[in-house]
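Okay, everyone, thanks for coming. I'll put the structure up now, and then I'll walk you through it one piece at a time.

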Amino acid sequence: MKEARAMAIKRVPELAESTVGVESFPGFTKPARQRWESIPADIRQRLLSNVWCGHCRHETTITNFSGTTKGGDLLLVGQCAECRSDVARVIEGS
Ligand SMILES: [Zn+2]
C-alpha cells in the first residue's frame, strides 16, 4: 500500500505538488498534516515513541507512518521500528 502510493506520487505530478512543504510527512493528507503540525513537537515525539506493538508486546516507535483523519481523530499508521509490524496510533480530536 505505502509503496504503491509513493510510486503514484512519483508518477502523478499533481499529487506531488499537493504535498509540497510536507517532505517530512509525505504520506499525510492535508488535514492530517495540519492537525499533526498543530501538536507541539515534544508531544508529537512522545506520541510517536510510545506506540504499542502487538508483536513486540511493548511500546515502540512508529516509523514510515502516514496520517489521515477519521471522524475528527488523527490516525497514524506505520511500522514498528523494531519488528516492522504494522502499528497505528489514534490521536483523538479535542
Ligand atoms: Zn514490534
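So let's start with Ile 62 and what it touches. If we skip its neighbours within four places in sequence, Ile 62 is in contact with Leu 48, Val 51, Leu 76, Val 77, Gly 78, Gln 79, Val 87 and Ala 88. Please keep in mind that what you're looking at is a predicted model. Ile 62 sits in strand β3. Is Ile 62 buried or exposed? Its relative accessible area is 3%, and the cut-off for buried is under 20%, so Ile 62 is buried.

Take one of those contacts, Leu 76. Along the sequence, Ile 62 and Leu 76 are 14 residues apart, and in space their C-alpha atoms are 8.7 Å apart.

Now the strands around there. β3 and β4 run antiparallel, joined by 7 bridges. Ile 62 has its bridge partner in β4, and that's Cys 80. Hold on to Cys 80, we'll come back to that residue. The hairpin of β3 and β4 has 2 residues between the strands, and in this hairpin Gly 71 takes a positive phi near 55°.

β4 pairs with β5 too, again in the antiparallel sense, over 6 bridges. As an example, Val 77 stands opposite Ala 88 in β5, and you heard both of those names in the contact list of Ile 62. How covered is β4? Mostly: 6 of its 8 residues are buried.

Okay, stepping back to the core. In soluble globular proteins, nonpolar side chains tend to be buried together. Here the largest nonpolar core has 16 residues, and the ones with the most contacts inside it are Phe 28, Trp 36, Ile 62, Phe 65, Leu 74, Leu 76 and Ile 91. Which elements give two or more residues to this core? Those are the helices α3 (30–37) and α4 (41–49), plus the strands β1 (51–53), β3 (62–70), β4 (73–80) and β5 (86–91). β4 gives the largest share, with 3 residues.

Let me zoom in on the aromatics. There are 3 aromatic pairs in the structure. One of them is Phe 28 with Trp 36: the centres are 6.2 Å apart, with 45° between the planes, and the pair is tilted. Phe 28 has 6% relative accessibility, so it counts as buried. Trp 36 is at 1%, so it counts as buried as well.

Then there's Phe 28 with Phe 65. Why do we call that pair edge-to-face? Because the planes sit at 70°, and anything over 60 counts as edge-to-face; the ring centres are 5.9 Å apart. This pair links distant parts of the chain: Phe 28 is in the loop between α2 (13–18) and α3, while Phe 65 is in strand β3, 37 residues apart. Both of these phenylalanines, Phe 28 and Phe 65, are buried. Put Trp 36 together with them and you have one aromatic cluster.

Phe 65 has other contacts as well. Leaving out neighbours within four places in sequence, Phe 65 touches Phe 25, Phe 28, Leu 48, Leu 76, Val 77 and Gly 78. Leu 48, Leu 76, Val 77 and Gly 78 should sound familiar, since they're also on the list for Ile 62.

Right, back to Cys 80, as promised. What holds the zinc ion on the protein side? The donors are the SG atoms of Cys 53, Cys 56, Cys 80 and Cys 83, at 2.1 to 2.4 Å from the zinc ion. The angles among the 4 donor atoms are 105 to 114°, and the site is tetrahedral. Along the chain, the donors follow the spacing C-x2-C-x23-C-x2-C. One of them, Cys 53, has a relative accessible area of 0%, so Cys 53 is buried.

Last stop: a couple of backbone oddities. Asn 64 has a positive phi near 50°, and it's a residue other than glycine. Asn 64 is in strand β3, and at 46% relative accessibility Asn 64 counts as partly exposed. The other one is Arg 84, which also isn't a glycine and has a positive phi of about 70°. Where is Arg 84? In the loop between β4 and β5. Those two strands form a hairpin with 5 residues between them, and Arg 84 is in the turn. Its relative accessible area is 47%, so Arg 84 is partly exposed.

That's my tour, thanks for listening.

Notes
Residues numbered from 1 in each chain as written. Predicted model: local features only at pLDDT ≥ 70, side-chain atom pairs only at ≥ 80, totals over all residues. Heavy atoms only, no water. Core = buried A, V, L, I, M, F, W, Y, C linked by side-chain atoms within 4.5 Å. Buried < 20%, exposed > 50% of the residue type's maximum accessible area, 1.4 Å probe, protein only. Helix = DSSP H or I, 4+ residues; strand = E, 2+ residues; numbered from the N terminus. Contact = heavy atoms within 4.5 Å. Phe/Tyr/Trp six-rings, centres within 6.5 Å; stacked < 30°, edge-to-face > 60°. Donors = N, O, S within 2.8 Å, 3.2 Å for Na, K, Ca; no water. Tetrahedral: all angles 85-135°; square planar, octahedral: opposite > 155°, others 65-115°. Pairing = 2+ DSSP bridges.
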